[in-house]
Amino acid sequence: MVKNEVMVDEIPFPSQFMVNNKPLPLMGHGITDIEIHFLQIKFTAIGVYLDPEIVTHLQQWKGKTGEELTENDEFFEAIVNAPVDKFLRVVVIKEIKGSQYGVQLESAIRDRLAEVDKYEEDEEEALEKIVEFFQSKYFKKDSVITYYFPATSGSAKISCTIEGKEDLEIEVENANVVEMMKKWYLGGTRGVSPTTISSLANNICVELSK
């Protein structure tokens with residue numbers, strides 16, 4: 001009996017997600033949080049759904065432990081670049097204005113692009129559209145933000161569900177921005193959620209050993 005749900009910090013995540021009529025299993029999960037004066041404040045819960053075929057692109061890491069993979073940024077670079085469908089489901093734990101979330105995303109992507117000299121007008125324009133998309137939204141607890149990165153293109157679809165109502169979605173077509181968006185969530189030691197990175201490394205380690 002396959003469990004249909006995985007609890008991530010008391011938030012249920014489906015154990016698989018249908019994307020284009022193909023089930024993508026939940027390969028990693030975790031939270032984003034911060035500690036202030038010994039108090040842990042949790043912001044979001046994250047589920048990473050990947051096409052199982054991804055393991056065929058990661059064979060060179062067979063035999064490494066989950067711990068070793070967690071620390072290996074080249075391994076996560078290979079996950080980001082593997083030509084397979086990727087789907088991220090982010091559930092809000094602590095309510096946040098869409099404008100705040102959008103600005104966090106924008107500054108993380110902009111910094112990463114600037115580091116590798118890829119922040120030009122096109123990228124700036126693409127980021128402005130993303131900020132605008134989030135601007136008017138208010139994410140109450142249990143709101144859902146999803147990112148879909150199709151295998152075959154350098155684009156991304158972001159959509160939001162607030163209070164159970166599916167909201168608009170936005171397509172991001174700038175490949176440089178999309179790459180850094182993936183790296184914000186899947187970027188190894190620099191990813192926004194260390195718990196998600198560790199979970200992903202450990203689960204893929206198990207898949208590689210099969």
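## Salt bridges at a glance

A search of the whole structure turns up eleven salt bridges. Keep in mind that this is a predicted model, so the pairs described here come from predicted side-chain positions. The general idea is simple: side chains of opposite charge can pair when their charged atoms come close.

Take Lys42 to start with. Lys42 pairs with Asp9, and their closest N and O atoms are 3.0 Å apart. Lys42 sits in strand β5 while Asp9 is in the loop between β1 and β2, so this salt bridge ties together parts that are 33 residues apart in sequence. Neither partner is fully out in the open: Lys42 is partly exposed at 24% relative accessible area, and Asp9 is partly exposed too, at 32%.

## A pair of sequence neighbours

Lys141 and Asp142 also form a salt bridge, with an N to O distance of 3.6 Å. Lys141 counts as partly exposed at 47% relative accessibility, and Asp142 gets the label partly exposed at 46%.

## The buried pair in helix α5

How far apart are the N and O atoms in the salt bridge between Lys183 and Glu179? The answer is 3.0 Å. Both residues belong to helix α5 (residues 175-186), and being four residues apart there puts about one helical turn between them. Are Lys183 and Glu179 buried or exposed? Both are buried.

These two are also part of something wider. Glu77, Lys118, Glu179 and Lys183 are linked in a network of salt bridges.

## Arg112, a buried charge without a partner

Arg112 is found in helix α3, which covers residues 98-115. Arg112 is buried, yet it has no salt bridge. Which side chain of opposite charge is nearest to Arg112? That would be Glu115, and it is 6.9 Å away. The cut-off for a salt bridge is 4 Å between nitrogen and carboxyl oxygen, so a salt bridge is ruled out for a pair at that distance.

As for its surroundings, leaving aside residues up to four places away in sequence, Arg112 touches Met180, Lys183, Trp184, Arg190 and Gly191. One of these contacts, Lys183, is the residue that pairs with Glu179 in a salt bridge.

## Lys97 and its surroundings

Lys97 is in strand β7, made up of residues 96-97. With 47% relative accessibility, Lys97 counts as partly exposed. Setting aside residues up to four places away in sequence, Lys97 touches Lys137 and Tyr138.

Lys97 can also be placed relative to Lys42, the partner of Asp9. The two lysines, Lys97 and Lys42, are 55 residues apart along the chain, and their C-alpha atoms are separated by 15 Å.

## Two loop residues with positive phi

Glu10 is a residue other than glycine with a positive phi, near 70°. It is located in the loop between β1 (5-8) and β2 (11-14), the loop that also holds Asp9. Glu10 is exposed, with a relative accessible area of 72%.

His37 tells a similar story, with a positive phi near 50° in a residue other than glycine. The loop in question here runs between β4 (22-36) and β5 (39-50). His37 counts as exposed at 75% relative accessibility.

## Cysteines

How many disulfides does a search of the whole structure find? Zero. For background, a disulfide is a covalent bond between the sulfur atoms of two cysteines. Cys160 is buried, with a relative accessible area of 0%. Cys205, at 19% relative accessibility, counts as buried as well; the cut-off for buried is under 20%.

## The chain as a whole

Stepping back, the protein chain has six helices and eleven strands. Its C-alpha trace spans about 45 × 45 × 40 Å along the principal axes. The radius of gyration is 17 Å, which agrees with the value near 17 Å that a compact globule of 210 residues would have. Buried residues make up 50% of the 210 residues. Among contacts with a separation of 6 or more, 64% are between residues 24 or more positions apart.

An unreviewed UniProt entry carries the annotation "domain: Chalcone isomerase" for residues 19-203. Across residues 19-203 the chain is 37% helix and 32% strand, and the C-alpha atoms at the two ends are 20 Å apart.

Conventions: Residues numbered from 1 in each chain as written. Predicted model: local features only at pLDDT ≥ 70, side-chain atom pairs only at ≥ 80, totals over all residues. Heavy atoms only, no water. Disulfide = S-S within 2.5 Å. Buried < 20%, exposed > 50% of the residue type's maximum accessible area, 1.4 Å probe, protein only. UniProt positions renumbered as here; feature names shortened; annotations may be inferred. Lys, Arg positive; Asp, Glu negative; His and termini not counted. Contact = heavy atoms within 4.5 Å. Rg over C-alpha atoms; globule rule 2.2 N^0.38 Å.
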